[in-house]
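Open the model in your viewer and keep the selection tool at hand. The stops below run from the whole chain to single ring pairs.

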Amino acid sequence: QSGNFEDHKKDFFSSLGRVGSKISPSKLANSEREASMCYQDYIKYFTPERIDSMVRFLVTDLLPASRRENQENNDPAEIIAEYEQSNTIEVDLNLDTGLPQLVQALLDSFLNNQYETCSMTLTQLLKEVQESSDTLPLTTQDAIFNLVGFLPGVYKTFNIPPELQTDVSAVMNHLMVSANTNLLMQRRLVWVVSQWIPIASQEALTSFMQILAQILSSTQDAPMQFEASLAVRKLEARADVKLELKELFDLTIPVCIKLLSVIDTPHYTWKIVNLIQVMLNKCAKIDQSVVIHSLENSGLDEILQTEDALLQDILIDMFKSLFTAIPTSQAIYNIGSTFLTIQLRRSISHSFLKMWLFMLRVCRVEST
């Protein structure tokens, strides 16, 4: 609780190692008495009051310290990585582990092992953030809302019935209001929605679809677009509910294609490609006009002229999938031909010639 975490990181991890060797199950396999004593110490130490104090400290002090209130001028991939770490609960305890990941892991551990106590603390924190939003720092509000995103995973893992779940409907409404004026809250709203989709009811999913549609049609913020696109993919994966996603796909596909020219980190580029291909293949089965409309409204002209080798390979794979799914589409053939013409004028490469041959073999259109 004092000093700089980075200055004390080495001592912190060496202490963890000593504690781990003391209470490791493998070392206590033949020592039931010591194991029992450790458990009794655990019960005595982790009282409801102490857990409440620890969770509050983690959420209102440590986690906000790792957040930046003004995120407008940061690299999109860097921001996406921060939100992705919010989903990463298992961490390697080494000197490369940052404070945010450790705090997230501790909070998840508390929620999983002391849910009843933590749920009361969380309920109180959510009440405070609604009553004091004008005076509470944005980074603290963001940390509390971040905790809301943890809950679906806990509920699903432990099959917690609805009557024992924390009611977050009011705070979700509050978050939506806050998101109207602040980028940090907008990004957190999309992330929280994405976390709740796997367990949300049909009614809640309909509301989430409206939120995502509004975001995808209005924002130019790459991290928000990326997270919203992932959320749409999660909606598509909900086979247990019937959702009409055609309009969302029509919004998401052009957004993802534009992201390819904004985010150049390979890890996220391939995630975007996967999203595009899943949605294009889905649309090809339900309504081929959505595919064509999405491609025509995606600002492809600039991307087709790319000189980046990775992006070139990605586009070749995407076009091959489209030619296979809709071999009779003249519009898709024309876009693919434009891409080939631009690239072949620049260099006669083996991959482009193979794509040309693939088109001639697969496509069944009037003009080739």
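Start with the surface of the protein chain: about 19,500 Å² is exposed, and carbon and sulfur atoms supply 50% of it. Keep in mind that this is a predicted model. Buried residues make up 44% of the 368 residues.

Switch to cartoon. The protein chain shows 18 helices and 0 strands. Now turn on contacts between residues at least 6 apart in sequence: 71% of them join residues at least 24 apart.

**Stop 1: the cavities**

Rolling a probe the size of a water molecule over the atoms shows where empty space is left. Here the structure holds 2 cavities of 30 Å³ or more. The largest cavity has a volume of about 50 Å³. Which residues line the largest cavity? Select Ile 80, Tyr 83, Arg 187, Trp 191, Pro 223 and Glu 227. Three elements give two or more residues each to this lining: helix H4 (76-85), helix H9 (183-196) and helix H11 (222-237). Colour the lining of the largest cavity by class and you get 4 nonpolar, no polar and 2 charged residues.

**Stop 2: the second largest pocket**

Move on to the second largest pocket, with about 330 Å³ of space. Its lining has 16 residues; select Val 168, Ser 169, Trp 196, Ala 204 and Phe 208, which lie nearest the centre. Then add helix H8 (169-178) and helix H10 (202-218), each of which supplies at least two lining residues. By class, the lining of this pocket splits into 8 nonpolar, 6 polar and 2 charged residues.

**Stop 3: the aromatic pairs**

Show the aromatic side chains. The whole structure has 8 aromatic pairs. Pick Tyr 45 and Phe 46: their ring centres are 5.1 Å apart and their planes stand at 85°, so the pair is edge-to-face. Tyr 45 is partly exposed, at 38% relative accessibility. Phe 46 is partly exposed too, at 24%.

Next, select Phe 226 and Tyr 268. The ring centres of Phe 226 and Tyr 268 lie 5.6 Å apart with planes at 80°, so this pair is also edge-to-face. It links distant parts of the chain: Phe 226 sits in helix H11 and Tyr 268 in helix H13 (residues 266-286), 42 residues apart. Are these two rings' residues buried or exposed? Phe 226 is buried, at 2% relative accessibility. Tyr 268 is buried as well, at 6%.

Finish on Phe 319, Phe 323, Phe 339 and Phe 352, which ring pairs link into a cluster.

Note on methods:
Residues are numbered from 1 along each chain as its sequence is written. This is a predicted model: local features need pLDDT of at least 70, side-chain atom pairs count only at pLDDT 80 or more; totals for chains, interfaces and linings use all residues. Side-chain values use heavy atoms; hydrogens and water are left out. Helices (H or I, at least four residues) and strands (E, at least two) are DSSP runs, numbered from the N terminus. Buried means under 20% relative accessible area, exposed over 50%, partly exposed in between (1.4 Å probe, protein chains only). Contact means heavy atoms within 4.5 Å. Accessible areas come from the Shrake-Rupley method with a 1.4 Å probe; for residues, only the protein chains shown count as cover. On a 1 Å grid over the protein atoms alone, a cavity is a set of points where a 1.4 Å probe fits but cannot get out, and a pocket is an open set with protein on both sides within 12 Å along at least five of seven lines; lining residues have an atom within 4 Å of a point. Grid points are joined across faces, edges and corners, and a volume is the space filled by probe spheres set on the points. Ala, Val, Leu, Ile, Met, Phe, Trp, Tyr, Cys and Pro count as nonpolar, Asp, Glu, Lys and Arg as charged, and the others, Gly among them, as polar. Rings of Phe, Tyr and Trp (its six-membered ring) pair if their centres lie within 6.5 Å; planes under 30 degrees apart count as stacked, over 60 as edge-to-face and the rest as tilted.
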